[in-house]
Amino acid sequence: ITACLVMHFAEFDDAANLLAANPDATTISIDEPVEIPKNQRDRLQEPGREEDDELLGTDDSDKTELLAGQKKSAPFWTFEYYQTFFDVDTYQVLDRIKGSVFPVPGKNFVRLYIRSNPDLYGPFWICATLVFTIAVSGNLSNFFIHLGKPTYRYVPEFRKVSIAATTIYAYAWLVPLALWGFLMWRNSKVMNIVSYSFLEIVCVYGYSLFIYIPTAILWIIPQKVVRWVLMMFSLCLSGSVLVMTFWPAVRDDNRRIALATVGTVVLLHALLSVGCLAYFFDAPEVDFPAPFIPAHNGTAVVTKSR
Amino acid sequence: FAGLADVSISEDIPVEGEITVPVGSHSPDEDFSTLDEPVRDTIMRDLKAVGKKFVHVMYPKKSSTLLRDWDLWGPLVLCVSLALMLQGGSADSKDDGGPQFAEVFVIIWFGAVVITLNSKLLGGTISFFQSLCVLGYCVLPLTVAMLVCRLVLLAGSGTISFIVRLLVVLAMFGWSTLASTAFLADSQPPNRKALVVYPIFLFYFVISWMILTFTPQ
C-alpha cells in the first residue's frame, strides 16, 4: 500500500505529505523536522496543510501511530476494552478542554490533543454538564425575566431537562456517526490524507461543546444583544475547532463536496446553539408593560396590556 | 505449592486421619444460622447496620465499615423519601412542574450507577455495590435539607425563606459531596481523582437543584 501511495503523491513537491498520507503505514521516524521553504508553497493553500507539515516535526505522532494498533486489543465484551477509552489523566482532560476553547489557527485538535488516545470521559461528562447547565440557566433566566410580574409563579420546568438531554446527546453522538459514515464513504472513493476513527470524531464534537457551558451561564443576562454576541462568539470558537479538524479530511475531495461537508458541520452546530437559546431561554421583555400614552387630546387613553 | 509438585506418597503407607471442625469458632464473616432467631432480631440487626452507616455519613471519618458491609436499604429508604417529599409541587401543567417521582428515582439510581461505572472505568478499585452504597448513603444530608425546606416553606415562601433554604441546601450539598469524596477518593488512582470527584459534584448539584426549586402548591 505504501508503494501505491508513493506513486500517487509523486507529483507533490512536499515530501512531508508522504508521511501524513497514511498514518497507519509503518514509517521510519524522522529526527529533524522537514524544512519546507515557504516560498515553494502555493499561496492559495489552505492553512490546514501547514499543520500536517508542522506536526511531522514531532516524532511523537509517529510513535503514537505505531502504538495505536496495540492499544485496544481486549475483546469488546470485556470490561478492559472499555477501560481503554477512559485512559486519560486529569491534566490531559484539562489540556483537551483548553485546546477546544483556545483553538490555535492551523492546529488540528485531533492530531494535537487526541493523538490516538480518544477518550469517552470528556464527551460524556461535558454533555451531561451542558444539559444541566442549559436547563438550570434557562430556568434561572426565565425566573429573573418574569420576576416582577404579578401573575408570574415560579415553576421548575423540569421536563426541559429530559428534552435538553435528548437533544444534546443525540447531537453529540448521532452527528459524529453520520459524519464518520460519510467520511468513510468518501474515503473509499477518494484517497484522503487524513481520516479519523469514530471515537476521535466523537471526541472532537464532545470537547467542542465545552465552550457552550460558560456561554449558557452567561445567557442568563436578559439582553438580546448580549446573548447573540455570546452565541456568535462561542459558535466561532467551537466552529473553528470543528472546521480545522475536518477540513484536512475533505479538502482532497471534490471541491463542492468538501465545502458542503464543512458547511453542514457548521450549520448543524449553529442550529444547535440557536435552538437551545430559543427554546430554553425566554426572550427578554416579551411582555411590554402597558405603555404610557399621555392624553393629548383628551380622548380616552387606550392602554395596551397583554 | 510448587515445591510439593514432586512429592509422592508411596502407596503402602495408608493415609488416614480425622478431620473435625471445631464447634463454636465463629469468625465474624461466617454465616450463622439465623433461621431460629425471632424476626425482631433479624430486623433490628439490619436496622442497626443501616443506622450505624447513617451516623458514619453524618460524621465522615475514613472508616471502612461503610465500604465493607455495604447494603442498599439505606439508599432505597433515602431515595424513596426524597422522591416522596419532592411531590406535591405546584404546576400549571404537567410539563412545567417539578420532577415526578419516577424522574427523581431514575436520576438518583441511574446517576449513581453512571458515576460508579465512571470511577471503575477510570481505574478505581472499589467494587460496584460498595460505590452505590456510599453514593446512596451520602444523599442523607440532602434528604435532611429537603425536610428542613419543607418545614420552612410551611412557615412562608418569601425572600427570607428562600435565603434560609438556599443556605441550608448549600451547606448540605457541601456536606454530601465531602462525605462521599472522603469515602471514595482513596480508591482512585491519584492522578485521576478530580476526574472522579467532578461527576459526584454534578450529581449532588442536580439533586440540590431539585430540592431548592421545589415550590409548594
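**Entry 1: polar contacts and salt bridges**

I began with the boundary between the two chains and counted 11 residue pairs in polar contact between chain A and chain B, both residues of each pair being at pLDDT 80 or more. I note at the outset that the model is predicted. I then looked for salt bridges and found three between chain A and chain B. I examined one salt bridge by its residues: the side chains of A:Arg159 and B:Glu103 meet at 3.4 Å, N to O.

**Entry 2: the chain A side of the contact**

I asked which helices of chain A each supply at least two residues of the side that touches chain B. I found helix H5 (79–83), helix H6 (90–101), helix H8 (121–145) and helix H9 (159–189). H8(A) gives the most to this side, with nine residues. I sorted the residues of the side of chain A that touches chain B by character and obtained 16 nonpolar, five polar and five charged.

**Entry 3: extent of the contact**

I recorded 26 residues from chain A and 35 residues from chain B in the contact. In chain A, I found that A:Trp125, A:Phe158 and A:Arg159 lose the most area to chain B, together 25% of what that side buries. A:Arg159 is also the residue that I had noted in the salt bridge with B:Glu103. For the area buried between chain A and chain B, I noted about 2700 Å², with carbon and sulfur atoms giving 63%.

**Entry 4: chain A as a whole**

I turned to the fold of chain A and counted 13 helices and zero strands. Chain A has 306 residues, and I found that 44% of them count as buried. I also checked contacts in chain A between residues at least 6 apart in sequence; 75% of these join residues at least 24 apart.

**Entry 5: annotated spans**

I consulted UniProt, where an unreviewed entry lists "transmembrane region" for chain A at residues 120–141, 161–185, 197–222, 228–250 and 257–281. I inspected residues 228–250 of chain A and found 100% helix and 0% strand, with the end C-alpha atoms 30 Å apart. Residues 257–281 of chain A are 96% helix and 0% strand, and their end C-alpha atoms lie 35 Å apart.

For chain B, UniProt (unreviewed entry) places the feature "transmembrane region" at residues 70–89, 101–122, 134–156, 162–184 and 196–215. I found residues 134–156 of chain B to be 87% helix and 0% strand, with 34 Å between the end C-alpha atoms. Residues 162–184 of chain B are 100% helix and 0% strand, and I noted 32 Å between the end C-alpha atoms.

Methods
Residues are numbered from 1 along each chain as its sequence is written. Chains are lettered from A and ligands numbered from 1 in the order in which they are written. This is a predicted model: local features need pLDDT of at least 70, side-chain atom pairs count only at pLDDT 80 or more; totals for chains, interfaces and linings use all residues. Side-chain values use heavy atoms; hydrogens and water are left out. UniProt positions are given in the numbering used here, feature names are shortened, and annotations may be inferred rather than shown by experiment. Helices (H or I, at least four residues) and strands (E, at least two) are DSSP runs, numbered from the N terminus. Contact means heavy atoms within 4.5 Å. Buried area is the accessible area (1.4 Å probe) that two parts lose on being put together, summed over both. A salt bridge is a side-chain nitrogen of Lys or Arg within 4 Å of a carboxyl oxygen of Asp or Glu. A polar contact is a pair of N or O atoms within 3.5 Å; within protein, one must be able to donate a hydrogen and the other to accept it, and residues adjacent in sequence count only if both atoms are side-chain atoms. Ala, Val, Leu, Ile, Met, Phe, Trp, Tyr, Cys and Pro count as nonpolar, Asp, Glu, Lys and Arg as charged, and the others, Gly among them, as polar. Buried means under 20% relative accessible area, exposed over 50%, partly exposed in between (1.4 Å probe, protein chains only).
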